[in-house]
Amino acid sequence: MVDTAPARSAARPAGAADPTDADAAPASGVVTEGAPKPDATGDPAGGTPTAGTDTDVQIDVAVVQQLLLGRWADDRRTSRRLALDPAMHKIEGMAYADARARTLDQLRILVDAGAIQRPYPEEFGGQSNHGGNLAAFEELTTADPSMQIKAGVQWGLFGSAVHHLGTERNHREFLPGIVSFDVPGCFAMTETGHGSDVQSIATRATYDPETREFKIHTPFRGAWKDYIGNAALHGKAAVVFAKLVTQGVDHGVHAFYVPLRDADGAFLPGVGGEDDGYKGGLNGIDNGRLHFDHVRVPRTNLLNRYGDVAEDGTYSSPIASPGRRFFTMLGTLVQGRVSLDGAAVVAQKIGLQIALTYAAQRRQFPTGDGTEGVLLDYGRHQRRLIPRLATVFAQSFAHEQLLRTFDDVFSGRQDTPERREDLETQAAAFKSMSTWSALDTLQECREACGGAGFLAENRLTGLRADLDVYVTFEGDNTVLLQLVGKRLLTEFRAKAPKDPAATARFAASIAAGKLADASGVRRIGQSVADRGSLARSVADLRDAGSQRALLAGRVETMVAEIGMRLASAGKDRARAARLLNRSQHELIEAAKAHAELMQWDAFTDALEQVPEGDTRRVLVWLRDLFALGLLEQHLDWYLVHGRLSAQRARAVSAGVDRLVARLRPIVPRLLETFGYEDGHVRAPIALGEEQARQDEAAAWFAAEAAAGRLPEQEKKPRA
């Protein structure tokens with residue numbers, strides 16, 4: 001997973017700084033004809049957002065839009081057309097009881113439109129189109145996140161559990177009602193007392209051979225199934241996760257199809273529950289709690305793909321190891337994390353389109369010529385939004401790769417243990433990073449729009465509230481990143497030598513790397529190469545090979561430091577556990593760094609699909625801005641470890657500033673590449689309302705000035 005191989009081309013790595021790029025020119029002392037002259041620091045942009053030839057850069061919006069839409073572009077477009085229907089749109093401020101009823105109706109619209117059948121087998125009206133299903137599903141975020149998530153509960157969790165954990169007998173009995181939405185359902189895994197720790201849940205399913213039934217039981221309050229979508233009102237059945245006990249043996253967590261309510265909506269005997277009530281977001285979903293008092297279900301209600309019980313109570317499974325069986329079962333449900341990653345990217349695009357459009361129209365404070373300037377021409381405003389625009393491009397390309405991995409596995413084309421492990425790692429890493437990023441980006445967009453951003457009609461507060469739970473939904477992000485970190489440690493241990501002599505050499509090589517960091521050898525080399533020129537430092541940091549070496553080197557070093565620390569415990573498991581616990585923070589930081597590296601790689605791979613020219617040039621700027629933003633964010637690490645000289649550390653921020661200024665004139669075209677229509681955005685400040693206000697004000701002042709009706713100013717401007 002940690003690939004520190006050289007960049008892809010020895011001549012010029014994919015997406016490397018173009019020698020004709022004005023940023024690269026000062027390093028050789030040559031400025032291409034027609035390029036803006038450098039300022040005192042060698043900055044070709046001169047620090048002026050609209051200065052120079054960059055205003056003439058043209059990008060092919062259609063090419064970039066197709067790149068962002070990815071392999072399942074048609075599925076995304078179909079879903080976007082459906083999302084334009086006003087009946088699908090969230091109504092801000094609606095009472096949550098009404099919102100729940102509206103969301104239920106929206107799911108019926110999805111069924112009637114044929115929007116949810118894609119992943120199912122043909123006999124159930126599906127297309128076995130797994131990647132296209134998630135790509136389309138994510139786009140529903142533009143309409144109403146509650147509707148998108150409630151649909152995910154019904155068909156992505158409840159239906160998917162039956163589909164992927166069940167066998168043909170389960171499919172024939174249960175899938176028709178699920179697909180048609182005649183049976184709204186729940187995915188009852190999480191317990192009040194156990195969230196991400198699914199293996200420790202307390203709900204039991206005990207087999208009774210005399211009646212050939214399982215008895216589902218929650219033995220105490222903490223074992224109640226909690227935060228369950230569709231549980232409060234609409235759910236008629238649930239896939240319930242419980243410990244399977246037969247013949248006195250606990251065989252671990254399995255899934256059972258359990259009816260909940262009768263035709264009138266009343267709980268069936270032995271089933272009970274509560275409404276979770278009003279939440280911080282997603283109030284169109286009726287989350288609730290469920291409990292079971294020895295509820296009996298037929299033996300055949302066990303979803304038995306990975307474990308079965310014969311009539312006499314004998315247990316059998318195609319997977320002998322209980323641990324491996326458990327993780328295999330949960331691995332089939334990874335699509336929830338995959339879809340949340342995509343939905344978080346979509347939400348950020350909508351937020352950025354609102355905030356950046358508003359910033360390009362809203363005028364505030366007089367500029368040098370006495371007229372008010374638009375917000376987006378202020379350096380700080382550019383700095384707060386444009387780097388986040390670069391990040392969402394990186395996340396988009398990373399998500400496309402994740403979707404392809406998901407489709408490879410679930411289509412059966414590459415359904416191997418190694419590929420499934422890659423899918424689990426990618427999904428955990430990208431979901432964590434994009435959902436955290438969504439909260440950060442939407443909050444920054446809200447603040448960047450001032451009071452207008454706080455109005456519900458402009459959607460930013462609503463999107464922020466609805467996406468809040470994504471960081472703990474389908475796995476707490478911190479827990480998921482521990483999964484990623486442990487995978488990195490496993491790979492480190494696999495590469496580490498086993499015999500004493502080789503181990504000593506391996507440890508010596510790591511120590512030598514630390515010595516090079518401490519001695520400043522790397523810093524000295526950079527200082528010699530840069531010869532005191534900030535422009536040379538920036539140019540080197542704009543090189544794709546340099547970027548990847550810095551990003552990958554950070555991952556490799558962090559993992560090696562933790563790995564060697566744990567290796568010191570030898571076979572003492574108790575000491576190893578203590579060391580791992582003390583290293584937990586560092587391990588999570590290493591997992592984040594690995595996710596950032598994978599996002600950078602995905603962006604660089606995407607550049608391979610774009611021919612040379614202005615469009616590629618702009619995308620390289622965005623990729624470089626993403627990379628330099630990561631370096632700036634982790635600058636303390638690079639300085640402490642001696643990976644950057646002081647001058648190159650200063651060059652990181654200088655490079656960010658230059659790229660932000662260079663991209664500023666192109667922002668409207670970059671927003672066009674998202675491909676969202678007014679009906680997707682639905683924020684008045686981004687749909688002409690602010691521009692109309694500005695035009696009205698300008699026209700009024702112009703008319704008053706022409707008529708001589710403006711009063712004389714107390715303090716006259718200087719001549």
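**Helix 25 and a three-stranded sheet**

Just after helix 25, Gly708 adopts a positive phi of about 70 degrees. The model discussed here is predicted.

Student: What length does helix 25 reach from its first C-alpha to its last?
Tutor: Helix 25 spans residues 689-706 and has 18 residues. At 1.5 Å a residue, 26 Å is expected, and the helix comes close to this. The reach is 26 Å.

Student: Why do Glu690, Gln694 and Glu704 lie on the same side of helix 25?
Tutor: Glu690, Gln694 and Glu704 are buried in helix 25, each being under 20% relative accessible area. They are placed on the same side because the arc they cover around the axis is only 100 degrees.

Student: Which residues are exposed on the other side of helix 25, and what covers the buried ones?
Tutor: The cover over the buried residues of helix 25 includes helix 8 (335-359) and strand 12 (363-366). On the other side, the exposed residues are Glu696 and Ala706.

Student: Which strands stand at the edges of the sheet with the order 4-8-7?
Tutor: This open sheet has 3 strands with antiparallel pairing. An edge strand has a single partner, so one of its sides is left without a neighbour in the sheet. The strands in that position are strand 4 (225-228) and strand 7 (271-275).

Student: Which residue of strand 8 is the bridge partner of Gly273?
Tutor: Strand 7 and strand 8 (residues 288-292) run antiparallel and are joined by 5 bridges. Neighbouring strands of the sheet are turned by 20 degrees against each other on average, direction ignored. In strand 8, the bridge partner of Gly273 is Leu290.

Terms used
Residues are numbered from 1 along each chain as its sequence is written. This is a predicted model: local features need pLDDT of at least 70, side-chain atom pairs count only at pLDDT 80 or more; totals for chains, interfaces and linings use all residues. Side-chain values use heavy atoms; hydrogens and water are left out. Two strands pair if DSSP finds at least two bridges between them. Helices (H or I, at least four residues) and strands (E, at least two) are DSSP runs, numbered from the N terminus. Axes are lines fitted to C-alpha atoms, for helices over the stretch in contact, and angles run from 0 to 180 degrees between N-to-C directions. The expected span of a helix is 1.5 Å times one less than its number of residues. Buried means under 20% relative accessible area, exposed over 50%, partly exposed in between (1.4 Å probe, protein chains only). The arc is that of the directions from the helix axis to the C-beta atoms. Contact means heavy atoms within 4.5 Å.
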